[in-house]
Amino acid sequence: ESTRNKLIQLLAENKESYISGQMLSDQLHISRSAIWKHMKELERDGYEIEAKSKRGYRIIKSPEKITENTILWGLKTNWLGKKVIHREMTSSTQILAHQAAKQNEGHGTIVVADEQTTGRGRMSRTWHSKKGSGMWLSMILKPELPPYLAPQLTLLTAVALADTISEISNTKPLIKWPNDILFSNQKKCAGILTELQAEQDKIQYVVIGIGLNVNQELSDWPDEIQERATSLSIETNKQWEIQSIMQHFLSEFEQTYDNYMVKGFSEIKKRWEAYGFKLGELITIQNLHETRRAIFSGIAEDGALLIKNEDGSLEKLYSGEIDWFNKGDR
Ligand code: BTX
């Protein structure tokens, strides 16, 4: 397997030119006939490979179908996604990722599925994950952070995802605190689910799940979801290649994460606030006893939502008692 991965990487780095059988054989420490056998297998996986005598090999086309190899091919990260667990169908990539992490799968391993039968959101809600229509991805991370800082990872992920969406599709995504990406039409195109395994003062691992709607049409969802959901395809009127979006996201996430580990949260906070849905506006806060309005004025160092009350006092909110769409007014 790992020879295959290295081979694909060598070919990917040399996309524009040929790489000789001798060179591959030297780098991978296998015979030239073994190289040839690997090439035949890649072709069975859907790669188109050109072999020219005296010049060598070159990948012309990668398969459209997602496989562990096609994700690795062209991936420009240093540590994230270097190990890929891919399934055509699974219950939830979160469940698989937790199992893998418990079996000691390392920092940076990712789990990807074409289809999830019981994709999950927060508080055991359902995440619709139709086959081949979106990026259903879970990342195993082992950050050296105290558990109370884990919410920052959700905000960091949202920033990397919003950057990815705006860079590739030229749209203007917004982040709805704490974990959704939507557009100005208030329709949701992505959700993030951070699940933590921790001891008192130490994170053992986190699994960050990302569901990004890519190529769905509205009719792919049940009625109640249609009112609230959208996909990149619906927003831009074109089909998108899920693999390349994933590769872009993984690079963006890795850079953002590495930078955060060195420099801390303040840069993330700035980037987040540039995307913040309803930032600076009045929002409605509900709890058991009352409904009131306050200005959403930013996010705090610990990932909490900062509001400014009518009397000018600042307050932190931690959970979802916010009525973002002012349903109470309608
Ligand atoms: P959430 O709890 O904030 O959002 C879930 C809610 O969003 C649902 O109750 C439903 O109303 C709505 N919804 C369900 N499916 C979709 C969809 N495809 N598009 C838009 N809205 C929808 C958000 O949770 C976190 C979701 C994480 C999903 C990823 S996918 C990879 C990984 N594996 C897994 O099982 N979950 C994560």
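In which helix is Ser 25 found? In this predicted model, Ser 25 sits in helix 2, which spans residues 21-28. Its relative accessibility is 12%, so Ser 25 counts as buried, the cut-off being under 20%. A polar atom of the Ser 25 side chain lies 3.0 Å from the backbone oxygen of Ile 30. Ile 30 is also among the contacts of Ser 25 once neighbours within four places in sequence are left aside. The others in that set are Ser 31, Arg 32 and Ile 35.

The domain assignment divides the protein into three parts. Domain 1 covers 2-61, domain 2 covers 68-275 and domain 3 covers 282-329. The centres of domain 1 and domain 2, taken over C-alpha atoms, are separated by 31 Å. Domain 1 puts 11 residues into the contact between these two domains, and domain 2 puts in six residues.

The nonpolar interior was examined next. The largest nonpolar core holds 65 residues. Within this core, the most contacts are made by Leu 137, Met 139, Leu 161, Phe 249 and Phe 253. Helix 6 (residues 150-169) supplies the largest share, with 10 residues. Both domain 2 and domain 3 give residues to this core, so the core lies between them. In soluble globular proteins, nonpolar side chains tend to be buried together.

Phe 249 shows how this core is put together. Residues up to four places away in sequence are not counted here. Phe 249 touches Met 135, Leu 137 and Met 139. Thr 157, Ala 160, Leu 161 and Thr 164 are also touched by Phe 249, as is Ile 210. A second, separate core has 17 residues, among them Leu 11, Leu 42, Tyr 47 and Ile 59.

Leu 212 belongs to strand 9. With a relative accessible area of 1%, Leu 212 is buried. Beyond residues up to four places away in sequence, Leu 212 touches Gly 134, Met 135 and Trp 136. Further contacts of Leu 212 are Leu 161, Ile 165, Cys 189, Ala 190 and Ile 245. Arg 58 is remote in sequence from Leu 212, at 154 residues, and their C-alpha atoms are 32 Å apart in space.

The ligand has 28 residues around it. Those that come nearest are Ser 92, Arg 120, Arg 122, Arg 125 and Asn 213. Four secondary-structure elements each supply at least two residues of the shell: helix 5 (93-102), strand 5 (134-141), strand 8 (188-198) and strand 9 (203-213).

Nitrogen atoms of the ligand pair with several protein groups. A polar side-chain atom of Gln 116 lies 2.9 Å from one ligand nitrogen atom. For Asn 213, a polar side-chain atom is 2.8 Å from a nitrogen atom of the ligand. His 128 instead uses a backbone N or O atom, at 3.0 Å from a ligand nitrogen atom. On its own, the ligand has 790 Å² of accessible area, and the protein covers 95% of this.

Asp 220 occupies the loop between strand 9 and helix 7 (223-226). At 26% relative accessibility, Asp 220 counts as partly exposed. Its side chain makes a polar contact of 3.0 Å with the side chain of Lys 130. Gln 116 is 104 residues away from Asp 220 along the chain, with 14 Å between the two C-alpha atoms.

Notes: Residues are numbered from 1 along each chain as its sequence is written. This is a predicted model: local features need pLDDT of at least 70, side-chain atom pairs count only at pLDDT 80 or more; totals for chains, interfaces and linings use all residues. Side-chain values use heavy atoms; hydrogens and water are left out. A nonpolar core is a set of buried Ala, Val, Leu, Ile, Met, Phe, Trp, Tyr and Cys residues joined through side-chain atoms within 4.5 Å. Buried means under 20% relative accessible area, exposed over 50%, partly exposed in between (1.4 Å probe, protein chains only). Domain bounds come from an automatic or database domain assignment. Contact means heavy atoms within 4.5 Å. A residue is near a molecule or strand if one of its heavy atoms lies within 4 Å of it. A polar contact is a pair of N or O atoms within 3.5 Å; within protein, one must be able to donate a hydrogen and the other to accept it, and residues adjacent in sequence count only if both atoms are side-chain atoms. Accessible areas come from the Shrake-Rupley method with a 1.4 Å probe; for residues, only the protein chains shown count as cover.
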